[in-house]
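Biologist: I would like a close look at a single part of this model. Please give each term with its cut-offs when it comes up.
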Amino acid sequence: ELIRKYPKEKWAFHNLGDIYYAGRDYVGACNQYKKWLELDPQDTFAINHLLMATIPQRDFKKALEYIKMHDAIAPPDAANLRWQAIMYQKMGQLNKAIAKNKEALAIKPDFIQSANYLSGLYALKEEYGESVRWANEYVSRASSTGQKSDAYLTRGFYLYWVGDLKEALNDFIQAEKMAEEVKNWSWKSA
């Protein structure tokens with residue numbers, strides 16, 4: 001209905017694409033994001049959305065085209081670099097994924113998603129000391145109570161994994177307290 005009423009409004013295609021994406025219809029999402037990009041070929045946000053919807057389809061050749069398209073218009077931004085990292089991780093290229101997340105943090109130090117992601121990437125490489133170090137970074141960079149709750153939960157998981165049970169339990173307790181403080185009831189079900 002929105003697109004029929006506003007066929008030249010790029011945000012209508014953005015919103016419809018997001019609905020497809022949330023439903024895991026990545027082809028449908030790409031179709032809407034392409035229409036969005038046709039309306040504004042310089043919109044790097046549209047390109048980032050195309051990249052994010054292409055990666056689950058494992059069309060890495062197309063994803064690389066979107067990265068080049070983005071870089072031709074503007075310098076990489078933290079979100080674009082994170083999606084590149086996700087693509088490289090799915091391709092099994094963990095070192096490239098790590099490098100892209102570090103680039104994102106160099107551009108935007110408060111981009112905590114990359115600090116969180118780095119802890120997981122190092123765990124996949126079985127470099128647990130680095131995994132915990134990045135989990136510590138996640139905790140220190142998180143700014144809101146909700147973010148801190150998630151960061152403590154993440155760090156608690158990696159501390160547990162390396163056998164530091166006392167500190168892991170402390171982090172889990174802290175995460176639960178903070179989740180309660182912000183009324184994040186979904187956390188309690190985890």
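How many salt bridges does a search of the whole structure find? After that, please concentrate on helix H10 (residues 145-161).

Modeller: The search of the whole structure finds 9 salt bridges, a salt bridge being a Lys or Arg side-chain nitrogen within 4 Å of a carboxyl oxygen of Asp or Glu. This is a predicted model, in which local features need pLDDT of at least 70 and side-chain atom pairs count only at pLDDT 80 or more, while totals for chains, interfaces and linings use all residues. Residues are numbered from 1 along each chain as its sequence is written, and side-chain values use heavy atoms, with hydrogens and water left out.

Now to H10 itself. Helix H10 has 17 residues, 145-161; a helix here is a DSSP run of H or I with at least four residues, numbered from the N terminus. From its first C-alpha to its last, H10 reaches 24 Å, close to the 24 Å expected at 1.5 Å a residue. The expected span is 1.5 Å times one less than the number of residues. After H10 comes Gly163, which has a positive phi, near 95°.

Which residues of H10 are buried? They are Ser149, Ala151, Tyr152, Thr154, Arg155, Gly156, Tyr158 and Leu159. Buried means under 20% relative accessible area, exposed means over 50%, and partly exposed lies in between (1.4 Å probe, protein chains only).

Arg155 is the residue to follow next. Arg155 forms a salt bridge with Asp171, and their closest N and O atoms are 2.6 Å apart. This pair links distant parts of the chain, since Arg155 sits in helix H10 and Asp171 in helix H11 (residues 165-181), with their positions 16 residues apart in sequence. Both partners, Arg155 and Asp171, are buried. Elsewhere, salt bridges with shared partners join Lys10, Asp40 and Asp43 into one network.

Arg155 has another partner as well. The side chains of Arg155 and Asn136 are joined by a polar contact of 3.0 Å. A polar contact is a pair of N or O atoms within 3.5 Å; within protein, one must be able to donate a hydrogen and the other to accept it, and residues adjacent in sequence count only if both atoms are side-chain atoms. Asn136 belongs to helix H9 (residues 128-141). Its relative accessibility is 34%, so Asn136 counts as partly exposed. Asn136 is 108 residues from Gly28 in sequence, and their C-alpha atoms are 39 Å apart in space.

Phe157, another residue of helix H10, has 42% relative accessibility and therefore counts as partly exposed. Together with Tyr128, Trp161 and Val162, Phe157 makes a nonpolar surface patch of about 380 Å². Patches are made of residues with over 30% relative accessible area and no salt bridge, like charges being joined within 9 Å and nonpolar side chains (Val, Leu, Ile, Met, Phe, Trp, Tyr) within 5 Å.

The whole structure has 9 aromatic pairs. Phe157 and Tyr158 form an aromatic pair that is edge-to-face, with 5.1 Å centre to centre and 75° between the planes. Rings of Phe, Tyr and Trp (its six-membered ring) pair if their centres lie within 6.5 Å; planes under 30 degrees apart count as stacked, over 60 as edge-to-face and the rest as tilted. Tyr158 has a relative accessible area of 12%, which means that Tyr158 is buried. Away from H10, Trp11, Tyr33, Trp36 and Phe45 form one aromatic cluster.

For comparison, here are two salt bridges from other parts of the chain. Glu65 and Lys62 meet through their side chains at 3.3 Å, N to O. Both lie in helix H5 (residues 60-73), 3 residues apart, about one turn of the helix. An α-helix has 3.6 residues a turn, so residues three or four places apart point the same way. Glu65 is partly exposed because its relative accessible area is 36%, and Lys62, at 28% relative accessibility, also counts as partly exposed. Another residue of helix H5 is Ala72, which is exposed, with a relative accessible area of 69%.

The other example joins Glu127 to Lys125, with the closest N and O atoms 3.4 Å apart. Glu127 counts as partly exposed at 32% relative accessibility, and Lys125 is partly exposed at 28%. By contrast, Arg155 and Asp171 are both buried.

How values were computed:
Helix = DSSP H or I, 4+ residues; strand = E, 2+ residues; numbered from the N terminus. Areas by Shrake-Rupley, 256 points an atom, 1.4 Å probe, with all protein chains shown as cover.
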